[in-house]
Amino acid sequence: MKYSIVLPLIATTVLAAPTVEKRQDACVIPTTFPTTANPKLPDPFTFFSGKKVVTKDDWACRQKELSAALQAQELGTLPPKPSTVTATYSGSTLSITASEGGKSISFSVSIKKPSGTGPFPAIIAYGGASIPVPSNVGTITFDNGAIGQQTDRSSRGKGKFFDLYGSGHSAGALTAWAWGVDRIIDALELVDTGINPKKLGVTGCSRNGKGALAAAALVPRIALGLPQEGGSGGAACWRISDSEKAAGKNIQTASQIITENVWLGPAFNNFASKATTLATDHHELASLVSPRGLLVIENEIDWLGPVSTTACMKAARLIYKAAGVPDNMGFTGSGNHAHCSFPSNQQADLTAFINRFLLDGTASTANIEKGPTVDVSKYIDWTAPTLT
């Protein structure tokens with residue numbers, strides 16, 4: 001069996017390496033991950049050791065293992081909180097400074113609050129919101145491109161994240177942005193902005209939709225993920241996108257995405273032409289958000305891969321169901337509208353999730369699963385258990 005070895009900030013592939021383990025709380029997390037080809041979506045309920053996930057405590061450990069694998073092979077490493085984070089708030093601007101290893105970077109976000117007395121829930125919006133934000137929910141506009149550049153392939157290692165951690169850091173832009181979201185939450189906890197840091201959503205569309213899903217998965221203080229039209233690199237599964245491409249669809253795939261931009265870590269280049277050898281796929285990325293709220297908003301444009309996003313998120317919803325929170329994740333796909341223009345037929349789904357997870361309302365989020373007709377059993381060879 002081949003394994004992908006992760007050294008500090010470097011990813012390499014070697015043959016038959018022994019698994020070195022590290023502990024995270026009560027969990028034992030491997031630092032090497034399988035690279036054996038598997039055309040089906042990997043089984044989220046089997047540890048890489050072969051042990052089955054039986055209990056909810058097992059699942060919590062498995063989530064940490066999946067996160068480690070995703071960071072090692074695809075996203076790059078998310079650093080812990082820097083040694084020092086400070087913040088100031090003036091007018092509508094929240095200014096943040098992070099320091100580590102004798103270096104410091106600063107960035108700011110703008111906050112638009114509802115009228116009245118807070119604290120208010122808010123949605124962190126990559127580059128500005130392209131979903132309708134209710135009047136009783138704040139908006140935090142985040143210039144994610146300043147943290148990790150995303151102009152094209154020449155953006156590798158550029159942006160304030162890389163000024164702090166070095167241009168050779170393993171993170172792709174998606175992980176750098178998630179780190180920025182984490183620092184925004186640090187700042188909201190440090191200073192009184194009138195925003196409730198325990199009631200935060202994150203959203204973005206297209207390339208920023210990829211980022212919003214990664215942030216929801218990697219930042220556990222996010223209460224609600226609202227990724228919009230991210231397609232491949234977001235709600236689509238790499239394996240299914242490749243199979244759709246092979247069937248003649250005009251769809252973004254792993255081998256294409258690495259030629260376009262630096263959203264993913266450089267280690268992913270080793271897997272782009274052989275996505276079946278990844279230890280994980282994006283049904284498991286979405287599952288890292290569990291048990292928190294997640295509404296995946298998609299379009300049926302071919303390039304975004306409506307079959308891939310639908311089947312992938314159906315698989316993710318099976319994981320939420322096994323974890324005992326089936327209604328905490330929804331998928332709403334809709335066609336016949338322009339990219340990143342939010343259609344009215346997705347409004348009720350969005351309203352319900354914001355009501356429940358940001359406003360402490362009682363709106364039902366049950367059985368929200370809309371998109372093209374897709375049989376997910378075609379892509380999986382595992383059965384979701386009922387975790388105890």
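Visitor: Which residue does Arg221 pair with at 3.0 Å between the closest N and O atoms?

Guide: Start with the general idea: side chains of opposite charge can pair when their charged atoms come close. In this predicted model, Arg221 makes that kind of salt bridge with Glu189, at 3.0 Å between the closest N and O atoms. Arg221 sits in the loop between H5 and S12 while Glu189 belongs to helix H4, so the bridge ties together parts that are 32 residues apart in sequence.

Visitor: Okay, and is Glu189 buried, exposed or partly exposed?

Guide: Partly exposed, with a relative accessibility of 45%. Arg221 also falls in the partly exposed class, at 27%.

Visitor: What other salt bridge does Arg221 form, with its closest N and O atoms 2.8 Å apart?

Guide: That one goes to Asp186, with 2.8 Å between the closest N and O atoms. Here the link runs from the loop between helix H5 (207–218) and strand S12 (224–228) to helix H4 (residues 173–190), and the two residues are 35 apart along the chain. Asp186 has a relative accessibility of just 3%, so it counts as buried, because the cut-off for that class is under 20%.

Visitor: Which residues end up in one network through shared salt-bridge partners?

Guide: Take Glu369 and Arg317 before the network: their salt bridge has its closest N and O atoms 2.7 Å apart. Glu369 is in strand S15 (residues 369–370) and Arg317 in helix H9 (residues 306–322), a separation of 52 residues. Glu369 is partly exposed at 31% relative accessible area, whereas Arg317, at 12%, counts as buried. Now your network: Asp182, Arg183, Asp186, Glu189 and Arg221 are joined into one by salt bridges that share partners.

Visitor: How many salt bridges are there in the whole structure?

Guide: A search of the whole structure turns up 15.

Visitor: Which residues does UniProt list for the "4-O-methyl-glucuronoyl methylesterase-like" domain?

Guide: The UniProt record, an unreviewed entry, gives residues 96–324 for that domain. In the model, the end C-alpha atoms of residues 96–324 are 37 Å apart, and the span is 34% helix and 22% strand.

How values were computed
Residues numbered from 1 in each chain as written. Predicted model: local features only at pLDDT ≥ 70, side-chain atom pairs only at ≥ 80, totals over all residues. Heavy atoms only, no water. Salt bridge = Lys/Arg side-chain N within 4 Å of Asp/Glu carboxyl O. Helix = DSSP H or I, 4+ residues; strand = E, 2+ residues; numbered from the N terminus. Buried < 20%, exposed > 50% of the residue type's maximum accessible area, 1.4 Å probe, protein only. UniProt positions renumbered as here; feature names shortened; annotations may be inferred.
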